[in-house]
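These are my notes from a first look through one structure. I wrote down each thing I looked up and what I found.

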Amino acid sequence: RDMDGFLAAARQARDAGVDALIVSDLGAALLLQEQLPQMELHISTQANVLNSRTALHFHRAVHAKRIVLSREMELTDIHAMRKALPDTLALEAFVHGAMCMAYSGRCLLSAALNNRSANRGECTQPCRWNYRLVEEKRPGEYLPIAEEERGTTLLSAWDLCMLPYLPELIRAGVTSLKIEGRMKTAYYVATVVSAYRHALDILTAQGEEAYRAAVPMLMAELGKASHRSLSTGFYFGAPQPAAGASGFTQSMEFIAWVTRGAPAGEPAELQLKNRFYTGDQLEALTPEGSKPFTAGSITLTETGEAVTTCGVAGTRLTMLFPFTVDTGDLLRGPNRNHQTPNA
């Protein structure tokens, strides 16, 4: 019953200028090859490609150009797969973001509990909730499972972070890095993608020694976006610990975005997201990277009133910057509730 709408959506994606379509179902891939032969096909992680024969089948059967590998693969297995495949088939691997407690993201918890399917991109992440035991003949008696003082999150996987291991991924034959961003904010995506792009640029232009030296700075950059405790997933063996990630942390928070850019020293307009104060140490997140500055005087755009702070989300403000800012640049400031994560 989904096929007609699926094909219509694929045509809309093509007309919008999309480069490729990520597909998990073999029948859907065959339909796309027949109806939209000009569209490049990439095979989703939910197709569970774990060996070279499966990858080669997709390459031959539907002319797939890229395989998004299962998140359960170790680096040594990826390296062996790469050597067994033709150069015309690229390998993509997840490097950062939320990890699913189910096999390659195939989870039914959200659909069962909230009628929102994780496999349709609507996961409500019930694996992140706190759970207790109930004995069948004693309804209402909730038995705690002791884990930590903030609760018990036995199903909650740690977030993935492979930024310190990009050379190892490249040597294993990975040609594309996948950053999980489903249901994430533009601020999260901008922060994380910028850090990985910067890491790759340093590695390519300056070499591995310079990259290694930059890793602490790049990890601090990742820490400015909301995340759980970090791990390397399955790349070096079974995740340790397997689960138990509770809550989020971030050292900075998204405070506003630029709705009208301006040259240095001229007023730019902002739309507020979170409160900040005159004198705060802020950063502008731009395509060129992060630019630190001290917040100067703030003016309410609608009334022209000068204020030292504002806490109403959506308020339009005017502020001067010591450098040029463009429409769409993001501003971040100190997270006054920041806690240090487990790792």
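How are α1 and α2 oriented to each other? I began with the angle between their axes, remembering that the model is predicted. Helix α1 covers residues 3-16 and helix α2 covers residues 26-35, and they pack at an angle of about 50 degrees. Their axes are 11 Å apart. Angles from 35 to 65 degrees fall outside the parallel and perpendicular classes, so I put α1 and α2 down as oblique to each other. I also looked up the handedness, and α1 passes α2 in a right-handed crossing.

Next I listed the residues that make this contact. From α1 they are Met3, Phe6, Leu7, Ala10 and Arg11. From α2 they are Gly27, Ala28, Leu31, Leu32 and Gln35. Sorted by class, the contact of α1 with α2 has 7 nonpolar residues, 2 polar and 1 charged.

I then checked Ala8, which also lies in helix α1. Is Ala8 buried, partly exposed or exposed? Its relative accessibility is 39%, and the range for partly exposed runs between 20% and 50%, so Ala8 counts as partly exposed. I took one distance from there: the C-alpha atoms of Ala8 and Glu92 are separated by 26 Å, with the two positions 84 residues apart along the chain.

Second helix pair. Helix α7 (residues 186-206) and helix α8 (residues 208-222) pack at an angle of about 170 degrees. Their axes lie 9 Å apart. Angles over 145 degrees count as roughly antiparallel, so α7 is roughly antiparallel to α8.

Which residues meet here? On the α7 side I noted Thr191, Val192, Ala195, Tyr196, His198, Ala199, Ile202, Leu203 and Gln206. On the α8 side I noted Glu208, Ala210, Tyr211, Ala214, Met217, Leu218, Glu221 and Leu222. By class, the contact of α7 with α8 comprises 12 nonpolar, 3 polar and 2 charged residues.

I followed Tyr211 further, since it sits in helix α8. Its relative accessible area is 0%, and the limit for buried is under 20%, so Tyr211 is buried. What does Tyr211 touch, leaving aside its neighbours within four places in sequence? I found Leu163, Pro164, Tyr165, Leu166 and Pro167, together with Ala199, Ile202 and Leu203. Ala199, Ile202 and Leu203 are also on my list for the α7 side. For a distance, I took Tyr211 and Thr324, which are 113 residues apart in sequence and 28 Å apart in space, C-alpha to C-alpha.

Cysteines came next. How many disulfides does a search of the whole structure find? The search finds 0. Cys100 is in no disulfide, and the nearest cysteine sulfur, that of Cys107, is 5.0 Å away. A disulfide needs the two sulfur atoms within 2.5 Å. Cys100 is partly exposed, at 28% relative accessible area. Cys310, at 11% relative accessibility, counts as buried.

Last, the whole chain. I counted 8 helices and 19 strands. The C-alpha atoms fill a box of roughly 65 × 60 × 50 Å, taken along the principal axes. Of the 343 residues, 44% are buried. Among contacts between residues at least 6 apart in sequence, 64% join residues at least 24 apart.

Technical notes:
Residues are numbered from 1 along each chain as its sequence is written. This is a predicted model: local features need pLDDT of at least 70, side-chain atom pairs count only at pLDDT 80 or more; totals for chains, interfaces and linings use all residues. Side-chain values use heavy atoms; hydrogens and water are left out. Buried means under 20% relative accessible area, exposed over 50%, partly exposed in between (1.4 Å probe, protein chains only). Axes are lines fitted to C-alpha atoms, for helices over the stretch in contact, and angles run from 0 to 180 degrees between N-to-C directions. Helices (H or I, at least four residues) and strands (E, at least two) are DSSP runs, numbered from the N terminus. Angles under 35 degrees count as roughly parallel, over 145 as roughly antiparallel, 65 to 115 as roughly perpendicular and the rest as oblique. A crossing is left-handed if the near helix is turned anticlockwise from the far one by less than a right angle, and right-handed if clockwise. Contact means heavy atoms within 4.5 Å. Ala, Val, Leu, Ile, Met, Phe, Trp, Tyr, Cys and Pro count as nonpolar, Asp, Glu, Lys and Arg as charged, and the others, Gly among them, as polar.
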